Every structure is written in C-alpha cells, then in structure tokens.
Amino acid sequence: MADLFTKSPPITIFKKMVHKIGMQKFKDVLITGRKYALYSFFLSREANEEYAKSLRVIVDRMFKCLSLGLGLEAHEMMEAAGGEDIVYLLKINYYPPCPRPDLALGVVAHTDMSCITLLVPNEVQGLQVFKDSHWYDVNYIPNALIVHIGDQVEILSNGKYKSVYHRTTVNKDKTRMSWPVFLEPPSEHEVGPIPKLVNEANQPKFKTKKYKDYVYCKLNKLPQ
Ligand SMILES: O=C(O)CCC(=O)C(=O)O
C-alpha cells in the first residue's frame with residue numbers, strides 16, 4: 001500500500017509551477033498580514049489544471065483505500081462523497097513573521113469541513129495536530145503531502161474515521177506558507193453515513209444533509 005502514493009508527482013509539479021510563476025509574484029499579490037483564506041486566482045489556469053490532474057490520481061487511490069478499510073467496495077466512498085463532481089478548492093495561507101508567537105496562532109484549532117484535505121507546506125514549522133490531550137508538531141518532510149481526514153469522511157464512515165483537529169502556530173522570524181486543497185462534495189450533494197455501515201448495532205451518528213447546509217451550520221456555529 002505504501003508505494004501507492006509515491007509514484008505520483010504532484011509536489012514536483014507544484015514546485016515547478018511556483019518556480020515558473022516566481023515566488024516574488026506570489027508575495028506581491030498576497031496581502032501581507034492576512035493569515036487566512038487567500039484563494040488562488042493568480043495561479044494560471046494551466047498550472048492549476050496540471051496540479052489538479054496529478055492530485056486526482058492520488059485522490060482516487062485515497063478514496064479506494066478509505067472504502068476498502070471499511071469493508072466497502074473500492075468505489076463506494078468516493079461515490080458517496082460526490083464522485084466525479086467532487087470540488088477541488090485550493091487555498092493559499094500566508095503567515096508572516098510574528099513578534100509574539102507565544103500570543104498568536106496562524107489558524108485557530110478546527111477540523112476541515114471537506115472530505116479530505118491535501119496540503120503542501122513550505123519548510124517552516126507550524127502545523128500541529130491534537131491527539132490524546134496534546135498538541136503535536138507535524139514535521140516538515142520534503143516532497144511529502146500532508147493528508148487531513150475531514151468532517152465529511154467522518155460522517156460518511158459513521159464516525160469510524162475521525163476528522164483531524166489541527167491548528168497552526170506562527171514563527172518569530174520566518175514566513176510560513178501552505179497550500180491546502182480541500183476536496184468537497186458539491187454543495188447540493190447530500191452527505192450522511194453510508195447505509196451499508198449502519199445497522200441495528202451501529203445507529204447513524206450523523207444527520208444526512210446537503211453539504212451547503214452542513215457548511216452553513218458550521219460557519220454559523222449552529223448545531224448540525
Ligand atoms: O497551514 C497549515 O498547515 C494548515 C492550514 C489550515 O488548517 C487551513 O487552511 O484550514
């Protein structure tokens with residue numbers, strides 16, 4: 001299973017894209033001081049499409065693994081998440097140096113609303129995940145993708161897979177950047193526990209609802 005992910009070259013392609021476009025151009029268009037939510041309109045359509053094409057190979061394999069891990073047919077998890085209509089949403093995070101990193105966070109603790117998130121960071125440490133009452137640093141590994149399980153996979157699996165609670169810290173001297181791609185169901189698509197995973201002994205732990213309604217409740221801190 002391990003070599004499943006090593007043959008695809010999305011990071012190489014992404015680095016080439018950044019090289020081609022130029023790091024300075026990234027910096028010029030980024031709003032210095034904003035730490036959250038800058039979408040990638042300034043990447044060329046061509047580069048975006050090339051990156052998405054490479055990611056798609058990994059995404060297909062990931063969904064297959066997640067399906068098989070639950071005893072489902074290989075195609076079932078992806079189909080339940082929206083199939084070919086799954087949305088690839090690229091966001092760019094820019095965390096400038098912060099004089100008091102002890103008093104600030106880059107991104108507050110949260111789980112992603114997506115099904116899966118595939119993230120490429122630069123080499124500056126910052127991402128942390130919460131497990132067993134502790135925050136753990138996610139070490140930077142060159143050419144590795146970071147994969148988050150998001151809320152929708154937790155729902156589809158009826159809680160068998162847990163969405164990862166994470167946050168980012170900031171650095172006193174260095175700028176950190178990250179490029180997450182959120183894989184989301186189409187907004188009108190209904191997401192709930194996959195029926196095969198639910199029975200008398202395993203009652204549904206989540207409501208079935210349109211993804212857009214899930215997002216509305218989460219963003220407005222309403223009960224789901
Ligand atoms: O910058 C990171 O490593 C994580 C960013 C993140 O959690 C987010 O954009 O939702």
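Student: What makes the shell around the ligand divide into nonpolar, polar and charged residues?

Tutor: In this predicted model, the ligand is surrounded by Lys 91, Asn 93, Val 107, Asp 112, Leu 119, Pro 121, Gly 126, Leu 127, His 166, Thr 168, Ser 178 and Pro 180. Pro counts as nonpolar, Asp and Lys count as charged, and Gly is placed among the polar residues, and on that basis the shell divides into five nonpolar, five polar and two charged residues. The elements that give two or more residues to this shell are β2 (87-95), β4 (116-121), β8 (166-168) and β9 (176-184).

Student: How do you know that β3 and β8 are paired?

Tutor: Pairing requires at least two bridges between the strands; two bridges join β3 to β8, which run antiparallel, so the requirement is met. Val 107 stands opposite Thr 168 in β8, and both Val 107 and Thr 168 are listed in the shell around the ligand.

Student: Why are β3 and β6 said to stand at the edges of the sheet?

Tutor: The open sheet has four strands in the order β3-β8-β5-β6, with antiparallel pairing. Because β3 (107-110) and β6 (134-137) each have a single partner strand, one side of each is left without a neighbour in the sheet. Neighbouring strands of this sheet are turned by 25 degrees against each other on average, direction ignored.

Student: How do you know that the length of helix α3 agrees with its number of residues?

Tutor: Helix α3 covers residues 45-69, and at 1.5 Å a residue its 25 residues should span 36 Å; the end C-alpha atoms are 35 Å apart, which agrees. After α3 comes Gly 71, with a positive phi near 80 degrees.

Student: Which residues of α3 are buried, and what does α3 supply to the largest nonpolar core?

Tutor: The buried residues in α3 are Tyr 51, Leu 55, Val 59, Met 62, Phe 63, Leu 66 and Ser 67. The largest nonpolar core has 25 residues, and Phe 63 is one of those with the most contacts inside it, together with Met 77, Ala 81, Ile 116 and Leu 156. At least two residues of this core come from each of α3, α4 (76-81), β4, α5 (151-156), β9 and α6 (211-219), and the largest share, six residues, comes from α3.

Student: Why is Gln 203 classed as it is, buried or exposed?

Tutor: A residue is exposed if 12 or fewer other C-beta atoms lie within 10 Å of its own; Gln 203 has 9 C-beta neighbours inside 10 Å and therefore counts as exposed. Gln 203 lies in the loop between β10 (190-191) and β11 (209-210), and its C-alpha atom is separated by 9.4 Å from that of Pro 193, 10 residues apart along the chain.

Definitions and conventions: Residues numbered from 1 in each chain as written. Predicted model: local features only at pLDDT ≥ 70, side-chain atom pairs only at ≥ 80, totals over all residues. Near = placed C-beta within 6 Å. Axes fitted to C-alpha atoms, helices over the stretch in contact; angles between N-to-C directions. Expected span 1.5 Å × (residues − 1). Buried ≥ 20, exposed ≤ 12 C-beta atoms within 10 Å, placed from the backbone. Core = buried A, V, L, I, M, F, W, Y, C linked by C-beta atoms within 7 Å.
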